[in-house]
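Colleague: I'd like a close look at one part of this model, the charged pairing around one helix and whatever sits next to it. Could you walk me through it and then work outwards from there?

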Amino acid sequence: MSRVLSVASGPYAPPVPARTLTVVSADGARLHVEVHGPEGAPAVVLSHGWTCSTAFWAAQIRELARDHRVIAYDQRGHGRSPASPACTTDALADDLEAVLGQTLESGEKALVVGHSMGGMTVMAAAGRARFREHAAAVLLCSTGSSRLVAESRVVPLRAGRARTWITGRILGSRAPLGPVTPLAMRVLKYGTMGAGSAPHMVEACARIVHACPRAVRHAWAGVLAALDLDHGVRELRVPTAVMHGTRDRLTPPVHARALAAALPYCVGLTELPGVGHMTPVEAPDPVTGRIRDLVTTYVTSDDARSEGATSDTPGVPQQQSHGTPVQQIKEGA
């Protein structure tokens, strides 16, 4: 690919992986996978969102790889993973299962983190046997399970049929995004980031998003427009934390609150004031810190190792989402 995939220096320059591999999914799709950090360290699996790539997680990978084994992969058609004719939530679930199965030992537990479409991938895989074998806990960032176009606030109109129609046309456009220019960055910032996002954050996101092939962008936009994974939320029976930005226009806070209310085992809803949709880039420290907390609690603790830390395991309480504490972190505003 001739276009620059990411920034070349600074905190959002992608770290060099310890190793790379190609994982083959159920239908033969080939997925680019990176493994960072020391072998034998606690595992974290990162699943990125629509139009993004492994480069989206640069800040988390750089910090976590000091003492975690971080596994990041490009969704089919994104980054270094070739496009596939199969664009469905079942294909996303197949891909996540394949990555878990081919990078983790039998029975090995990991924290699984999904941003945007990556979170939807987790919901789609929630009932799968391999996901349940390997997922000790989950972090969902800036995501939703249904009504994505109807709830989106990218178009500054009142909710209704007109806004939904215009939003669908914009998000599903086949038009090329073109080079990363100052105007392009302003447009991307308006649609996907908080007003206080620093220029280097906006540039990092723009370079990643603009590198996504327009045919891939269009194909997956159609999947997201028709998304209904409410059943997957109910199947997500491991401890699950939710994070979102209060200024998210693509998946507004209504989605995060609905997730927290519907999850069988929600372990917290964190709001990031002033932050938009690109939480791992806009608020790298809170996201990384939450990942560390969840790994410590559900992957490496003595209780986690002895119990398996899943809601299907005897002795692990079923925490009801209703009344889940909302934590606010000042970041990026």
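Modeller: Sure, let's start with a pair: the side chains of Arg128 and Asp94 meet in a salt bridge, 2.8 Å from N to O. Arg128 sits in the loop between α3 (117-125) and α4 (129-134) and Asp94 in helix α2 (residues 89-103), so this pair ties together parts that are 34 residues apart in sequence. Keep in mind that this is a predicted model. Asp94 has a relative accessibility of 22%, so it counts as partly exposed, the cut-off for buried being under 20%.

Arg128 has another partner in Glu97, and in that salt bridge the closest N and O atoms are 2.8 Å apart. Glu97 is in helix α2 too, while Arg128 is in the loop between α3 and α4, so here the parts tied together are 31 residues apart in sequence. Glu97 comes out at 14% relative accessibility and therefore counts as buried.

Asp94 also has a neighbour from elsewhere in the chain. Ser25, placed in the loop between β1 (19-24) and β2 (30-36), touches Asp94 along with Leu31, Arg76, Asp95 and Ala98, once residues up to four places away in sequence are set aside. Ser25 is buried, because its relative accessible area is 6%.

Now the helix itself. α2 packs against α3 at an angle of about 85°, with the axes 8 Å apart. That angle makes α2 roughly perpendicular to α3, because 65 to 115 degrees is the range for that label. On the α2 side the contact is made by Thr89, Leu92, Ala93 and Leu96, and on the α3 side by Met117, Thr121, Val122, Ala124 and Ala125. By type, the residues of this contact split into 7 nonpolar, 2 polar and no charged.

Two names from that contact come back in the core. Leu96 and Val122 are among the residues with the most contacts inside the largest nonpolar core, which has 49 residues; Val112, Phe131, Val138 and Leu236 are the others listed. There is also a second, separate core of 26 residues, which includes Ala72, Cys141, Val267 and Val295. As background, nonpolar side chains tend to be buried together in soluble globular proteins. Val138 is a handy one to click on in the viewer: leaving aside neighbours within four places in sequence, Val138 is in contact with Val112, Val122, Phe131 and Leu236, and also with Leu111, Val238, Pro239, Thr240, Ala241 and Leu294.

Back to charges for a moment. The count of salt bridges comes to 15, and one of them pairs Arg292 with Asp67, the closest N and O atoms being 3.0 Å apart. Arg292 lies in helix α13 (residues 284-300) and Asp67 in the loop between α1 (58-64) and β4 (69-73), so that pair ties together parts that are 225 residues apart in sequence. Asp67 is partly exposed, given its relative accessible area of 37%.

For another helix pair to set beside α2 and α3, try helix α7 (residues 182-192) and helix α8 (residues 199-210), which pack at an angle of about 95° with their axes 10 Å apart. α7 and α8 are therefore roughly perpendicular to each other. Ala184, Met185, Leu188 and Lys189 make the contact from α7, and Val202, Glu203, Cys205, Ala206, Val209 and His210 make it from α8. The residues of that contact divide into 7 nonpolar, 1 polar and 2 charged.

Technical notes: Residues numbered from 1 in each chain as written. Predicted model: local features only at pLDDT ≥ 70, side-chain atom pairs only at ≥ 80, totals over all residues. Heavy atoms only, no water. Helix = DSSP H or I, 4+ residues; strand = E, 2+ residues; numbered from the N terminus. Buried < 20%, exposed > 50% of the residue type's maximum accessible area, 1.4 Å probe, protein only. Contact = heavy atoms within 4.5 Å. Core = buried A, V, L, I, M, F, W, Y, C linked by side-chain atoms within 4.5 Å. Salt bridge = Lys/Arg side-chain N within 4 Å of Asp/Glu carboxyl O. Axes fitted to C-alpha atoms, helices over the stretch in contact; angles between N-to-C directions. Parallel < 35°, antiparallel > 145°, perpendicular 65-115°, else oblique. Nonpolar A, V, L, I, M, F, W, Y, C, P; charged D, E, K, R; others polar.
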